[in-house]
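Here is a friendly walk through one structure, strand by strand and patch by patch. Keep the 3D view open and follow along.

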Amino acid sequence: MKIEISREIERFGPIKIHGVQKVFELDGGLKNADNDEEYNPIMQRIAYDIQHEIQEQMAIVVPVRNEKIKLIEGVLSGIPHHCQVIIVSNSPREPMDRFKLEKDAIEHIGRFMNRKFLVVHQKDPVLTKAVEASGYKHLLDKKGNIKNGKAEGMILSTMLAYLCGKKYVGFIDSDNYFPGAVLEYVQEYCAGFFLSASPFTMVRISWHSKPKVVESNLFFAKRGRASEHTNRILNRLISYYTGYGTEIIKTGNAGEHALTMEMAMQLDYSSGYSIEPYHYVNVLERYGGILAPPSDKVMKEGVEFFQIESRNPHLHEVKGDQHVKDMSLAAMEVIYHSPICPPALKANILEDVHNRKLLKKEEDIESQLHYYPALYSADFKKFKEELKNEEYAPLFVQDVSKYTPREKDKKLMRDTKAAKIKEIPKEGKLEVK
Ligand code: GDD
């Protein structure tokens with residue numbers, strides 16, 4: 001892959017947010033190719049061999065709920081062979097066992113591909129027991145089952161990816177119509193990790209376009225309906241503290257993203273579809289220097305966000321207006337209820353959700369989402385022990401002792417009582433509209 005270096009970088013304490021980077025060539029050739037061109041300071045070449053090395057250390061999580069099996073098969077065919085694929089399904093098991101059908105189909109194509117997929121159901125009682133044993137009970141509902149939601153499936157799969165010894169974890173939605181786009185996203189994850197100088201890195205895909213049929217013609221829309229608003233509000237949050245307007249964030253809702261395992265372990269998460277915007281909010285909360293930081297190592301090494309613009313269009317299942325509205329409201333909620341959200345921005349958000357009729361005029365944004373403390377508070381040895389008889393246990397590595405839970409880590413950073421606000425920002429600094 002050949003990719004431009006980031007033109008703009010927004011710096012926020014030790015956090016670097018790179019502006020969107022364009023891919024110029026999908027195939028960058030081999031590391032020591034005979035025809036290697038001269039060094040070009042504004043382009044980066046990520047050779048095949050390097051992509052391959054990173055992919056061997058990467059788990060790709062595919063969350064599934066009620067998707068067409070043909071779509072899932074297409075997605076799996078696009079994931080590079082050496083990535084460990086983890087499929088976490090929350091499809092219904094009654095009256096017909098949809099998960100059984102999915103697993104059967106996945107194992108069948110796995111035979112042709114000669115690869116072992118790790119396939120689990122989000123509500124599997126054995127996994128539930130393992131989560132309980134790990135002490136990470138936040139994921140469980142009142143009945144003791146793992147909660148519904150895309151984020152909840154992603155958190156669970158991150159725990160499994162860690163047991164598989166992976167250094168990187170990436171996410172690809174299972175309703176993508178183009179296997180070629182899936183392959184490209186994974187290559188872009190690798191490119192971001194290759195370019196990063198920090199072990200705490202996140203790579204987010206900014207789709208080139210989303211094709212739609214408008215008046216019988218194909219129209220390639222640049223952004224999704226929710227992202228436009230999420231990006232604007234996240235950028236205002238940054239502007240408020242830096243005092244400079246910015247448009248750096250273009251991937252506020254990026255479902256397609258990947259993290260180094262070190263990063264994945266250091267973040268608090270939020271539920272459902274709010275997880276992606278909350279990545280930005282939480283990194284600013286934890287490491288932006290506004291609240292007392294929970295890890296000196298992260299403060300020293302820094303956090304890097306890469307936003308890479310894919311070449312393939314993104315075509316996925318359309319799930320309706322209400323779904324987009326719910327997703328957008330959830331994104332607004334995590335910003336609105338963040339301890340670092342200044343009053344002036346709160347007023348902005350409220351006005352925006354009323355104007356867009358996501359809420360009625362008199363309604364406030366209630367706190368309806370769940371929050372999950374960073375995963376390093378889980379006991380992975382106990383988690384693994386409970387899963388030792390599962391068919392996928394041979395995929396796990398021996399030593400999972402890197403993260404040892406400490407009582408004080410079990411708190412959410414966004415818990416305002418726990419978070420010490422060093423400096424209360426003055427109002428009125430916010431750049432509005
Ligand atoms: N395991 C699991 N559990 N998977 C789920 C669940 C769940 O409860 N709910 C949804 N999924 C899966 C879906 O099957 C799909 O593969 C993926 O998660 C995304 O869900 P969609 O419902 O298709 O979301 P979307 O396409 O509208 O939105 C996507 O793109 C947004 C950016 O535009 C998501 O990735 C959003 O998170 C993202 O913000």
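## An enclosed strand

Let's start with a pairing: strand β9 runs parallel to strand β14 (residues 303-309), and seven bridges connect the two. One contact to look for is Arg-204, which sits opposite Gln-307 in β14. Please keep in mind throughout that this is a predicted model.

β9 has another partner, strand β12 (residues 257-260), which it meets in the antiparallel sense through three bridges. Here Val-203 has Ala-258 of β12 as its bridge partner.

How many residues of strand β9 (residues 200-206) are buried? Seven of the seven are, so the strand is largely enclosed by the rest of the structure. In a regular strand, side chains alternate between the two faces of the sheet. In β9, one direction is taken by Phe-200, Met-202, Arg-204 and Ser-206, the other by Thr-201, Val-203 and Ile-205, and all are buried.

## Two more strands to compare

Strand β7 also has its side chains pointing two ways: Leu-118 and Val-120 go one way, Val-119 and His-121 the other, and all are buried. Its parallel partner is strand β6 (residues 84-89), joined to β7 by four bridges. Among the details here, Ile-86 has Leu-118 of β7 as its bridge partner.

Now turn to strand β2 (residues 9-12). Which of its side chains are buried, and which are not? Glu-10 and Phe-12 point to one face and are buried, while Ile-9 and Arg-11 point to the other face and are not.

β2 pairs with strand β3 (residues 15-25) in the antiparallel sense, over four bridges. Phe-12 has its bridge partner in β3, namely Ile-15. The two strands form a hairpin with two residues between them, and Gly-13 in the turn has a positive phi of about 55 degrees.

## Patches on the surface

What kind of surface patch do Val-213, Leu-218 and Phe-220 make? It is a nonpolar one of about 330 Å². Leu-218 belongs to strand β11 (residues 217-221). With a relative accessible area of 57%, Leu-218 lies over the 50% cut-off, so it counts as exposed.

A patch of negative charge gathers Glu-362, Glu-363, Asp-364 and Glu-366 on the surface. To find Glu-363, go to the loop between α12 (343-355) and β15 (371-372). The relative accessible area of Glu-363 is 33%, so this residue is partly exposed.

## Two lysines to look up

Is Lys-150 buried or exposed? Its relative accessible area is 15%, which is under the 20% cut-off, so Lys-150 is buried. You will find Lys-150 in helix α5 (residues 150-163). Along the sequence, 124 residues separate Lys-150 from Ser-274, while their C-alpha atoms are 9.4 Å apart in space.

Lys-123 sits in the loop between β7 (118-121) and α4 (125-133). This lysine is partly exposed, with a relative accessible area of 24%. How far apart are the C-alpha atoms of Lys-123 and Asn-348? They are separated by 39 Å, and the two residues are 225 residues apart along the chain.

Conventions
Residues numbered from 1 in each chain as written. Predicted model: local features only at pLDDT ≥ 70, side-chain atom pairs only at ≥ 80, totals over all residues. Heavy atoms only, no water. Buried < 20%, exposed > 50% of the residue type's maximum accessible area, 1.4 Å probe, protein only. Pairing = 2+ DSSP bridges. Patch = residues over 30% accessible without salt bridge, like charges linked within 9 Å, V, L, I, M, F, W, Y side chains within 5 Å. Areas by Shrake-Rupley, 256 points an atom, 1.4 Å probe, with all protein chains shown as cover. Salt bridge = Lys/Arg side-chain N within 4 Å of Asp/Glu carboxyl O. Lys, Arg positive; Asp, Glu negative; His and termini not counted. Charge placed at Lys NZ, Arg CZ, Asp CG, Glu CD.
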